Amino acid sequence: MHHEVREEGGTVIVAFEGEIDLEHSPKAREVLLECVGRARPVLVDLSGVEYIDSSGVASLVEALQQAKGGGSSLALASVSPSAMRVLELARLDKVFTIIASVAEGLDGGA
Amino acid sequence: MGRWAGGSCRVLGGDRPKSMTREQPTTTGAPPGLAGKAEEFSGPFALLADMTRRFADSLELTPALVTALESIVSQVGAEAGSLWLVEPAAREIVCEASVGPSEIAGLRLSLDQGIVGRCVRENACQSVLDVSKDPAFAKSVDEGSGMVTRSLLCAPMSGADGAIGAIELVNRMEGDGCFTVSDLNVLEVLASSASLALANARMATAAAEHKRVQRELELAAEIQRALLPAVDSPGFPIHALNVPARTVSGDFFDFLELPGGRIAFCLGDVSGKGMNAALLMAKTASLFRCLSKTIDSPGRLLAVINDELADTASRGMFVTMAAGIYEPETGGLVLANAGHEPPLYHPREGGFEPIEALEPPLGIATGLLPPEGYPESRIELNGGNLFVFSDGLTEAFGQDGEQLGAAGLERIFEEFSEASIHDCVEGVMSRVSSLEHRDDLTLLGIEDSRASATRSSDSVELLLVHRFEAIAKELSGMRKALAEALAAAGADESIRTDIVMAVDEACQNVIRHAYSGKPPGDVELTLEQRNAEVTVWLRDFAPPVDPACLDQGRDLADVRPGGLGTRFMKELMDDVSFAEPPEGGGNLLRLVKRLS
């Protein structure tokens, strides 16, 4: 798994690539919490994520809760069909704000 | 009872009771600014504070009550005192502790007797200045103890449902020998404190008892599950399932192979629910297992079980039961039915024929049957199936809020009529158990194995064996190997994704829970295909895990770590269950997915 964090127009964009599984979810969690800690809106770009499991989903949930708790927001962008399947299984597809792409998220002033 | 030796409490009016001295300054330390005042704090308040502390500290209530009684007697300056508890079932009051010149602990009075009885009955304080003028006074107590009672003061200990006991003081030693209003107030306050402590202790005991009963129920359920036959081997012509409505079940089934390849089977339903039904179930199931090895007629077998149950019947309980012997070689079976829900024969061409039973259930009376026992029906399966089930299935509620009835159940059977008997029983039970139901659900299905042999090869093909160390880093490689083997077997992409994800979650549970806190051992993954169904066997070498861990995660709100993964597994696969642990220990998890 790789990741890249950048800021654009006051929004933190974190892009993951590869597999967010039991091996990598601790790192993903750490990165996500760091981003949320910046107290700005966070966009998680999942376009490069080929696989995500329950531990990866748990990291996303934790980051979302932290963001909401701090009065900020966290949205998911470019969710692949397989990642979408996992979110649906976890009944979390309605919990997360899911947008088509990072560009759309920035236009909308996320 | 009677821990206190009695008779030794010296009562000196005005003396500060021993229990009022600060014996444990560490636990009673007053706030710094109040230290001086706390020392001066005396009389009834100090006594109350001291008693409350003792009750809170005490693990055993009786010694604390005895100490409390000693303190009260001393505080008020009475000659003697006694503490009484109500035994509602016997309508009696029992002296739990006594202080004074004679020991009366253990003495019993009827609730109608004595001043103390009146105190409890009326749940009100009693003050009697001269007992000789009160006809209610129980002289028998004085006669037994040799004491002379002149005046009495008695306060109830009250619980939620009236008095649970009383504290009685006898003969004031000071002044004119009559108890005062202030004595009564002190006694009343102290009795309240004692009754609170008593109520708390009883509640704690009841909670512990409840926990113990729950644990025993779980053990009973475990034993019951062990009574049911172990998982049948692939291709076996009989498959059955039981889903209890409560912890323990009143339903049961069994099947066992007899010499010559025949199979004896039964399914029964014990009247009532709960523990007594479960015990009768265990008895009936044991009788069946034992007798079916020697009695080769189901009708006579049921008659023998009937006589045995009727001889030892209790409280009008009875058992409905269908029993039979199946010959896989010919596809023929003999069935006898003791008052059970009619089994359904489902011919290959379609439709259903109920096998009606007109005979009474087991365990009601002996001598009702002809010598040859219950009548038998002979059924040729001719490529069809036979379903035996408990009325829990027909009484489940359909989407329309109406009970399924035989017709509703038949519609569900029809949906699975092309499946193997294993898949059919699993599928029907999964459907019915998802409906609202109040009773135990049990279903046993028999297929004509000659027909299933022509329907498919039924052979099991080994697709993959992959062994790896139970660490997170190995999961990626496992997923790749599994996905490739599934692709080679012709599984389409969405099914591949689902299976890989479910197996990944199962492996995570092994890594995080089964081997938790231990050096990781190996996991061995075996992938098999049987017709249009793949099975993943996941074997680890960790200490056995509780199979009930699969029960968590059913709740949609459950996103606890581990719970989410378990839910994924269950939603992604058609069946997830623990199998009999393999030789050499460890756990064996079975994950099944239909490819179509």
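## Close-up views of a predicted two-chain model

**View 1. A:Arg91 has a positive phi.** With 13 C-beta neighbours inside 10 Å, A:Arg91 in this predicted model counts as partly exposed, because a residue is called exposed at 12 or fewer neighbours and buried at 20 or more. Look for A:Arg91 in the loop between α3 and β5 of chain A. Its phi is near 55°, a positive value in a residue other than glycine.

**View 2. B:Arg91 also sits in a loop, this time in chain B.** The loop here runs between β1 (78-87) and β2 (92-99) of chain B. Phi of B:Arg91 is near 50°, again positive although the residue is not a glycine. Is B:Arg91 buried or exposed? B:Arg91 counts as exposed, because 11 C-beta neighbours lie inside 10 Å.

**View 3. Five strands of chain A make an open sheet.** Follow the strands in the order β1-β2-β3-β4-β5, and you will find that the pairing is mixed. The edges are β1 (2-8) and β5 (97-99) of chain A, each of which pairs on one side only. From one strand to the next, the twist averages 25°. At the β5(A) edge, strand β4 (residues 74-77) of chain A runs parallel to β5(A), and 3 bridges join the two. A good pair to find here is A:Leu76, which stands opposite A:Ile98 in β5(A).

**View 4. Chain A meets chain B.** The contact takes 14 residues from chain A and 17 residues from chain B. On the chain A side, α2 (54-69) and α3 (81-89) each supply at least two residues. Which of the elements of chain A gives the most to the side that touches chain B? That is α2(A), with 5 residues. Sorted by class, the chain A side has 6 nonpolar, 3 polar and 5 charged residues.

**View 5. Strand β10 of chain B pairs with β9(B) and with β11(B).** β10(B) covers residues 319-327 and is mostly covered itself, with 8 of its 9 residues buried. Strand β9 (residues 263-270) of chain B runs antiparallel to β10(B), and 8 bridges join them. Within that pairing, B:Phe265 has B:Gly324 of β10(B) as its bridge partner. Strand β11 (residues 332-338) of chain B also pairs with β10(B) in the antiparallel sense, over 7 bridges; there, B:Met321 is partnered by B:Ala338 of β11(B). β10(B) and β11(B) form a hairpin with 4 residues between them, and B:Gly331 in the turn has a positive phi of about 75°.

**View 6. Helix α7 of chain B spans 47 residues.** Running over residues 181-227, α7(B) reaches 68 Å from its first C-alpha to its last, close to the 69 Å expected at 1.5 Å a residue. Its buried residues include B:Asp183, B:Val186, B:Leu187 and B:Leu190, and B:Gln224 is also one of them.

**View 7. Helices α14 and α15 of chain B cross at roughly 145°.** The axes of α14(B) (residues 475-488) and α15(B) (residues 493-514) come within 10 Å, and the crossing is right-handed. Among the residues that make the contact are B:Leu475, B:Met478 and B:Leu482 of α14(B), together with B:Ile499, B:Val503 and B:Cys507 of α15(B). By class, the contact has 10 nonpolar, no polar and 3 charged residues; B:Arg479 of α14(B) and B:Asp504 of α15(B) both take part.

Conventions. Residues numbered from 1 in each chain as written. Chains lettered and ligands numbered in written order. Predicted model: local features only at pLDDT ≥ 70, side-chain atom pairs only at ≥ 80, totals over all residues. Axes fitted to C-alpha atoms, helices over the stretch in contact; angles between N-to-C directions. Left-handed = near helix turned anticlockwise from the far one by under 90°. Contact = placed C-beta atoms within 7 Å. Nonpolar A, V, L, I, M, F, W, Y, C, P; charged D, E, K, R; others polar. Expected span 1.5 Å × (residues − 1). Pairing = 2+ DSSP bridges.
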